[in-house]
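Colleague: Hello! I am new to reading protein structures, and I would like some help. Could we go through one together, feature by feature?

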Amino acid sequence: MAEGTTWTTYDANKMASKEIYGKVLAELGEKNDKIVGVTADLAKSTNIGNFGDKFPERIFNVGIAEQNLFGVAAGLAKTGLIPFASTFAIFACLRGGEQVRTDIAYQNLPVKIIATHGGLSFGTAGTTHHCTEDYAIMRAIPNMTVVIPADGFETAKAVRACIDIPGPFYMRVGRGFEPPMHDNEDFEFTVGKAMTIHEGSDITIITCGTPTLQAREAAKDLEAEGISVRVINMHTLKPIDKDAIMQAVMDTRRILTVEEHNVIGGLGDAVAAVIAESGKGCAFTKLGINDEFSVIGYPEDLYARYKLDATGIAETVKELLGKEIEADEDWADED
Amino acid sequence: MPKNVSVQELKSKAKELRLNIVKTANFAGSGHLGGSLSCADILAALYFKYLNVDSKNPDKFDRDRFILSKGHCALAYVPCLAMAGFVPMESLETFNHYESPYGMHPDSKKVRGCDASTGSLGHGLPMGVGMALGLRYQKVTDSKVVVLMGDGEQNEGSVWEAAMAAAHYKLKNLIAIVDRNKLMIDGPTEEVMGINPIDKKYEAFGFKVIVCNGNDMESLDKALAEAWANTEDKPVAIIAQTEKGYGVKRFQGKVPWHYGAMNSDLFKEAVADIEAMD
């Protein structure tokens with residue numbers, strides 16, 4: 001690492017060649033002059049700086065002031081613009097959370113919140129900079145669309161897609177140096193439509209964000225052991241793809257959710273609600289941060305600790321396969 | 001450009017607004033009477049002289065914007081919009097009622113002519129900064145963005161985040177008005193959480209500061225004219241010295257009348273007090 005650069009800027013620079021947020025936004029900005037950027041002294045870290053370099057008159061840095069960040073974004077949107085507001089996830093959902101709810105979502109404004117350094121991705125920065133609460137907060141806010149892309153390619157797709165979503169949009173990404181899950185952008189991505197990225201019939205893993213690649217790796221490893229695992233990439237947390245969940249329940253009757261988030265209020269709870277409301281029974285486990293503050297460490301060590309890596313996910317799959325469920329062979333025939 | 005309206009005409013509008021405030025509080029059952037009455041002159045001057053807004057075309061792009069950052073004074077704001085023709089006068093009768101478009105705090109999705117939903121304090125100035133930036137980027141250089149705040153509201157940190165940004169971005173079309181009525185829910189501002197010297201604070205944050213008597217139309221009109229004519233590359237702050245509850249003797253300067261309900265005798269008394277105003 002070059003002297004004087006932080007891990008964050010180093011990582012962002014490393015990713016500059018890939019098609020991620022800032023670059024895609026700069027490209028979109030050329031076609032649409034309504035797009036503007038707002039940031040709170042994190043233009044470089046969140047990569048929105050790429051857009052700002054290209055359109056200096058269209059980026060507003062409000063300094064270290066996250067409440068103002070989202071208030072200003074709301075005001076910009078009120079004049080007909082499409083503001084992309086970027087900061088770290090923890091500041092987006094909590095430091096400026098009320099402005100997100102009241103100024104942006106209540107007024108149903110098209111502010112696109114790109115929250116970086118989500119989950120455990122800023123590992124060594126410590127717990128103050130981890131964010132395992134945002135799914136719960138953002139999905140409880142009316143009008144909000146919530147997307148958690150699995151990698152930079154999905155991020156690129158989501159950034160393009162969110163322009164056409166009329167209301168507020170929250171996207172959580174990592175630090176930008178997570179290994180890519182896709183090889184390129186040559187795949188279908190529709191907000192609200194889950195992707196099956198590995199087919200299987202014994203059990204289904206439903207996941208989103210950084211753990212998605214790990215879940216697919218786990219499925220591949222388990223396949224070699226004769227365990228057939230379906231992996232669903234639930235990149236859109238809200239509105240959630242109920243059909244994909246119910247299909248998985250019907251087909252595999254065992255569901256494991258995996259998320260880089262507290263097990264309270266996030267993907268697991270969203271999936272659980274769909275299953276519970278359906279009246280169908282299934283074996284179910286939520287894998288995530290077990291309602292504790294995550295410890296400090298390198299992200300890879302943290303993923304291992306919280307079983308969010310391929311090894312931990314595979315272990316949890318085996319545990320869930322051993323779990324008894326009440327047999328009722330008839331329910332599959334019900335409407 | 002401000003319209004050619006005399007101080008006397010504005011005074012009579014303010015008087016009419018005060019009557020509508022107490023009437024609406026009666027329809028609603030109760031209301032934020034103190035702060036609504038203190039800012040009635042400011043609202044009247046803005047809507048009947050200064051703001052370039054059109055009730056026939058409330059969304060016209062090159063209009064001035066107004067944000068009632070002290071959102072709890074929708075009790076003054078919505079009647080003012082009714083007098084200005086944005087919403088029907090008779091609709092005020094539904095204020096606070098079940099499924100009414102009007103509650104204690106204004107909802108921009110439901111109140112015609114309302115530029116921003118407010119209620120949580122400290123949100124108006126940040127949105128105003130965003131609007132001013134957005135208008136300037138879109139080459140609308142003549143529109144003002146006016147944000148009316150309470151004085152207790154000055155305790156909110158987000159006000160100062162936005163103040164810093166307003167000066168940094170040299171938003172000369174942004175006008176922040178502080179309704180300095182000196183009282184908040186728990187008591188006098190200087191006892192609960194002092195904000196003095198508020199003029200010096202805005203000055204230090206890079207604003208052009210104008211101090212006026214916000215319950216004296218002549219003084220207020222002069223202050224607004226000066227703010228409108230601002231050519232300096234900085235935002236304007238008007239510290240409008242007012243009295244909470246101004247216009248109704250029983251409410252004037254009384255902490256408990258931040259929010260309250262009137263019985264029929266008190267209502268009559270309030271109407272009589274306002275009608276006796278100059």
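Modeller: Gladly! Let us begin with a term: a cavity is a set of grid points where a 1.4 Å probe fits but cannot get out, and its lining residues have an atom within 4 Å of a point. Please keep in mind that this is a predicted model.

Colleague: How many cavities of 30 Å³ or more does a search of the whole structure find?

Modeller: First the general idea: rolling a probe the size of a water molecule over the atoms shows where empty space is left. Here the search finds three cavities of 30 Å³ or more. The largest cavity holds about 290 Å³ of space.

Colleague: Which residues lie nearest the centre of the largest cavity?

Modeller: They are Val173(A), Gly174(A), Arg175(A), Gly176(A) and Glu178(A), out of a lining of 26 residues. Sorted by class, that lining has twelve polar, nine nonpolar and five charged residues.

Colleague: And the pockets? What lines the largest pocket?

Modeller: A pocket, unlike a cavity, is an open set of points. The largest pocket has about 350 Å³ of space. Its lining has 19 residues, and nearest the centre are Lys78(A) from chain A together with Asp59(B), Arg63(B), Cys114(B) and Asp115(B) from chain B. In this lining, seven residues are charged, six are polar and six are nonpolar.

Colleague: Now for the two chains. How much area do chain B and chain A bury between them?

Modeller: The size of an interface is often given as the accessible area lost when the parts come together. For chain B and chain A this comes to about 2,100 Å², with 55% of it on carbon and sulfur atoms. Of the area that chain B buries against chain A, 29% is supplied by His123(B), Tyr137(B) and Glu161(B), more than by any other three residues. In terms of contacts, 24 residues of chain B meet 27 residues of chain A.

Colleague: Which kinds of polar link should I look for there?

Modeller: Try two counts. Between chain B and chain A there are 16 residue pairs in polar contact, while the rule finds zero salt bridges across this interface. On chain B's side, the elements giving two or more residues are α5 (124-137) and α6 (157-168) of chain B. The largest share, nine residues, comes from α5(B). By class, this side of chain B has twelve nonpolar, eight polar and four charged residues.

Colleague: How many salt bridges are there over all chains?

Modeller: The count is 26 over all chains. One to look up joins Glu217(A) and Lys220(A), whose closest N and O atoms are 3.7 Å apart. This pair counts because the rule asks for a side-chain nitrogen of Lys or Arg within 4 Å of a carboxyl oxygen of Asp or Glu. Both Glu217(A) and Lys220(A) belong to helix α9 (residues 211-224) of chain A, three residues apart, which is about one turn of the helix.

Colleague: What should I look for in the backbone?

Modeller: Most residues other than glycine have a negative phi, and most peptide bonds are trans. With that in mind, look at the bond from Lys238(A) to Pro239(A): it is cis, with omega near 0°. Pro239(A) sits in the loop between β10 (236-238) and α10 (242-252) of chain A. In chain B, the bond from Asn196(B) to Pro197(B) is also cis, with omega near -5°, and Pro197(B) is in the loop between α7 (189-192) and α8 (198-204) of chain B.

Colleague: Where is Asn143(A) found?

Modeller: Asn143(A) is in the loop between α7 (134-139) and β5 (145-147) of chain A. Its phi is near 75°, a positive value in a residue other than glycine.

Key:
Residues numbered from 1 in each chain as written. Chains lettered and ligands numbered in written order. Predicted model: local features only at pLDDT ≥ 70, side-chain atom pairs only at ≥ 80, totals over all residues. Heavy atoms only, no water. 1 Å grid on protein atoms, 1.4 Å probe; cavity = no way out; pocket = protein on both sides within 12 Å on 5 of 7 lines; lining within 4 Å. Points joined across faces, edges and corners; volume = space filled by probe spheres on them. Nonpolar A, V, L, I, M, F, W, Y, C, P; charged D, E, K, R; others polar. Contact = heavy atoms within 4.5 Å. Buried area = accessible area lost by both parts, 1.4 Å probe. Polar contact = N/O pair within 3.5 Å; in protein donor to acceptor, adjacent residues only side chain to side chain. Helix = DSSP H or I, 4+ residues; strand = E, 2+ residues; numbered from the N terminus.
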